[in-house]
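Student: I'd like to go through this one and ask, at each step, what earns a feature its label. Can you walk me through the reasoning?

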Amino acid sequence: MPLTKKQIRQLKSLVHHLNPVVIIGQNGLTEAVFNELDITLNTHELIKVRLNAGDREERREMIVQICDRCNAELVQTIGHVAAFFRRNADKPVISLVQD
């Protein structure tokens, strides 16, 4: 389910104070990284990821792969840091505003 503008604004305010919990280094997106992203998204729902890719296009491609593979929504990108959200159906942590 795509996020509304109000929900994205709410998530941006929540993610602002968080530190990146997953850092993608020179090896790029490996199975271990996807497993860690999956576990972290299940636990926290809203996470920051540091993408240490060479250029902007590589970072964009990594973001698309993360969204597709983890069924996550991109909340925001600033430089080398991207924020992702995925609702935990069993135990929701974040209560999203409704339009």
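Tutor: Sure. This is a predicted model, and the chain has a mean pLDDT of 92, with 98% of its residues reaching 70 or more.

Student: Where in the chain is confidence lowest, and where is it highest?

Tutor: Strand β1 is lowest, at a mean of 93, and β4 is highest, at 97.

Student: How do you know that Cys67 is in no disulfide?

Tutor: Check the sulfur distance. A disulfide needs two cysteine sulfur atoms within 2.5 Å. For Cys67 the nearest cysteine sulfur is that of Cys70, and it is 8.5 Å away. The pair therefore fails the 2.5 Å cut-off. Cys70 is in no disulfide either, with the sulfur of Cys67 as its nearest at 8.5 Å. The structure holds 0 disulfides.

Student: What makes Cys67 and Cys70 buried?

Tutor: Buried means under 20% relative accessible area. Cys67 comes in at 17%, so it counts as buried. Cys70 has 3%, so it gets that label too.

Student: Now the strands. Why is β2 called largely enclosed?

Tutor: Strand β2 covers residues 46-51, and 5 of its 6 residues are buried, so the rest of the structure largely encloses it.

Student: How do you know that β1 and β2 pair?

Tutor: Pairing takes at least two bridges. Strand β1 (residues 22-24) is joined to β2 by 3 bridges, so the two count as paired. They run parallel, and Ile24 has Leu51 as its bridge partner in β2. From β1 the chain passes through helix α2 (residues 31-44) to reach β2, a right-handed β-α-β crossover.

Student: And what makes β2 and β4 a pair?

Tutor: The bridge rule again: at least two are needed, and 5 join β2 to β4 (residues 81-85), so they qualify. This pair runs antiparallel. The bridge partner of Leu46 in β4 is Phe85.

Student: On to charges. Why would side chains like these pair up at all?

Tutor: Side chains of opposite charge can pair when their charged atoms come close. The count here is 4 salt bridges.

Student: What makes Glu31 and Arg69 a salt bridge?

Tutor: The cut-off is 4 Å between the side-chain nitrogen and the carboxyl oxygen. Their N to O distance is 2.5 Å, so the pair passes. Glu31 sits in helix α2 and Arg69 in helix α3 (residues 56-70), so this pair links distant parts of the chain, 38 residues apart.

Student: Why are Glu31 and Arg69 called partly exposed?

Tutor: That label covers the range between the 20% and 50% limits. Glu31 is at 47% relative accessibility, so it belongs there. Arg69 is at 45%, so it does too.

Student: How do you know that Arg86 and Asp38 meet in a salt bridge?

Tutor: They are 2.9 Å apart, N to O, so they fall within 4 Å. Arg86 lies in the segment after β4 and Asp38 in helix α2, so the contact ties together parts that are 48 residues apart in sequence. Arg86 is buried at 13% relative accessible area, while Asp38 is partly exposed at 33%.

Student: Why does Glu45 with Arg87 make the list?

Tutor: Their N to O distance is 3.6 Å, so they also meet the 4 Å cut-off. Glu45 is in the loop between α2 and β2 and Arg87 is in the segment after β4, so the pair ties together parts 42 residues apart in sequence. Glu45 is buried at 0% relative accessibility, whereas Arg87 is partly exposed at 35%.

Student: What makes the backbone of Glu45 worth a look?

Tutor: Its phi is near 70 degrees, a positive value in a residue other than glycine. Asn71 also has a positive phi, near 55 degrees, and its place is in the loop between α3 and β3 (73-78).

Student: Is Asn71 buried or exposed?

Tutor: Exposed means over 50%, and Asn71 has 62% relative accessible area, so it is exposed.

Student: Last one: what makes Asn88 and Asp90 a polar contact?

Tutor: The cut-off is 3.5 Å. A polar atom of the Asn88 side chain lies 3.0 Å from the backbone nitrogen of Asp90, so the distance fits. Asn88 is found in the segment after β4 and is buried, with a relative accessible area of 13%.

Note on methods:
Residues numbered from 1 in each chain as written. Predicted model: local features only at pLDDT ≥ 70, side-chain atom pairs only at ≥ 80, totals over all residues. Heavy atoms only, no water. Buried < 20%, exposed > 50% of the residue type's maximum accessible area, 1.4 Å probe, protein only. Helix = DSSP H or I, 4+ residues; strand = E, 2+ residues; numbered from the N terminus. Right-handed = clockwise from strand over helix to strand, strands pointing away. pLDDT = per-residue confidence, 0-100. Polar contact = N/O pair within 3.5 Å; in protein donor to acceptor, adjacent residues only side chain to side chain.
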